[in-house]
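This report is meant to be read with the sequence and the model side by side. Please keep both in view while going through the paragraphs below.

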Amino acid sequence: MVPRAMAEGEGGRAVPAKGAIRGVMGLAYIDLGGLLGLDGLEALDDEICLALSQLPTGYTGGSHRSMLIMPPGREAEAWVDYGEVIAGLSDADYLTLGGLADEPRGWELAARAESTWGEERALGLSRRQMLWLEYKHRVYFPWKVFYELMPNRWWGEKSRGEGKRFTRNAERFFAKTIAFVKRLPFQEIGRCNIMGLQSFDHGTVHRDGEGDGAPDEFVTLCPRPGKRLYLLDGHGPTAQKVAVAGRAYWFNDHDYHGVEADPWFRYSVRVDGVFEPSFRDKLEAYATSLKEAR
Ligand SMILES: [Fe+2]
């Protein structure tokens, strides 16, 4: 048994994994508030908002449809996709885009037919390129305030900490946030970033990977409540949304997920890594107790 406050209140909501939702440990997601202890989390909001207002942030998302990671029947929700836009550019416009790259090598017309662009692709996009795609070609980037405290190039390397560190700017502007993150029960951290959505933007529904293996281990922190993340059970018009509650949570990012639009800025901090074995055991016991308490 778990205390009633933990079973039903913050830090202990139990929603079983069902339908198309694979979930984590038999639950659609785990609200980690009751396990982690969130003292000091809310205070990070002051530091994060002040830092984001001073640092050069980037965009992310914007190619979920061309990456084929959206649920069938909901592809239109992504609006204009940069993968499709870049593929259809005239040669002249392609050269304009290439001229805005941080690293011009690879953007030659001769290499275009073999090129791929953006997230998880050979040619990453610079901030200038993303802005031009937005302004000139109406590309929709769901996350317009993206900041990497611990950068990571490839998705498949996000859990491994070897050779990675918090950037100097992150250490300077996010000292309390980094201290909080370092107290989380990871044996190594491979990626830490802030994902912010501007007012009225929605996070297009997508999944971060495919397959039935063990879910990737990460913690999402919400220093400020109100970011409305949901999981999608099924696809098409009958799909059901499962709202994710809590200020710190873990879900299976191979499940389809998205963020509802709201008329104000929202963000969360995502920390990827490898959980400490003892924390994994605690999670198992906690998930079991939540399921039994239902
Ligand atoms: Fe995602």
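The text moves from the overall build to one helix pair and then to single residues.

The structure is a predicted model, in which local features need pLDDT of at least 70 and side-chain atom pairs count only at pLDDT 80 or more, while totals for chains, interfaces and linings use all residues. Residues are numbered from 1 along each chain as its sequence is written.

**Overall build**

The secondary structure of the protein chain comprises 9 helices and 11 strands, where helices (H or I, at least four residues) and strands (E, at least two) are DSSP runs numbered from the N terminus. The chain is divided into domain 1, covering 4–58 + 142–293, and domain 2, covering 82–137; these bounds come from an automatic or database domain assignment. Taken over C-alpha atoms, the centres of domain 1 and domain 2 are separated by 30 Å.

Along its principal axes, the C-alpha trace spans about 65 × 45 × 35 Å. The radius of gyration of the protein chain is 20 Å, which agrees with the value near 19 Å for a compact globule of 294 residues; the radius is taken over C-alpha atoms, and the globule rule is 2.2 Å times the number of residues to the power 0.38. Of the 294 residues, 39% count as buried, a term that requires 20 or more other C-beta atoms within 10 Å of the residue's own, whereas 12 or fewer make a residue exposed and counts in between make it partly exposed, with C-beta atoms placed from the backbone. Two residues are in contact if their C-beta atoms, placed from the backbone, lie within 7 Å, and among contacts between residues at least 6 apart in sequence, 77% join residues at least 24 apart.

**The pair α3 and α8**

Helix α3 (residues 44–52) packs against helix α8 (residues 175–182) at an angle of about 130 degrees, with the axes 8 Å apart. Axes are lines fitted to C-alpha atoms, for helices over the stretch in contact, and angles run from 0 to 180 degrees between N-to-C directions. The two helices are therefore oblique to each other, given that angles under 35 degrees count as roughly parallel, over 145 as roughly antiparallel, 65 to 115 as roughly perpendicular and the rest as oblique. From α3, the residues L44, E47 and I48 meet K176, T177 and F180 of α8. The residues of this contact divide into 3 nonpolar, 1 polar and 2 charged, with Ala, Val, Leu, Ile, Met, Phe, Trp, Tyr, Cys and Pro counted as nonpolar, Asp, Glu, Lys and Arg as charged, and the others, Gly among them, as polar.

**Loop residues**

Most residues other than glycine have a negative phi. Phi is positive in two residues listed here, E120 and R138.

| Residue | Phi | Loop |
|---|---|---|
| E120 | near 60 degrees | between α5 (91–99) and α6 (127–137) |
| R138 | near 65 degrees | between α6 and β3 (143–150) |

E120 has 13 C-beta neighbours inside 10 Å and so counts as partly exposed, while R138, with 10 other C-beta atoms within 10 Å, is exposed.

V24 lies in the loop between α1 (4–8) and β1 (29–31) and, with 22 C-beta neighbours inside 10 Å, counts as buried. Leaving aside neighbours within four places in sequence, V24 is in contact with Y29, I30, P215, W250, F251 and N252.

D208, in the loop between β5 (203–206) and β6 (218–221), is partly exposed, with 15 other C-beta atoms within 10 Å. Not counting residues up to four places away in sequence, D208 touches D253 and H254.
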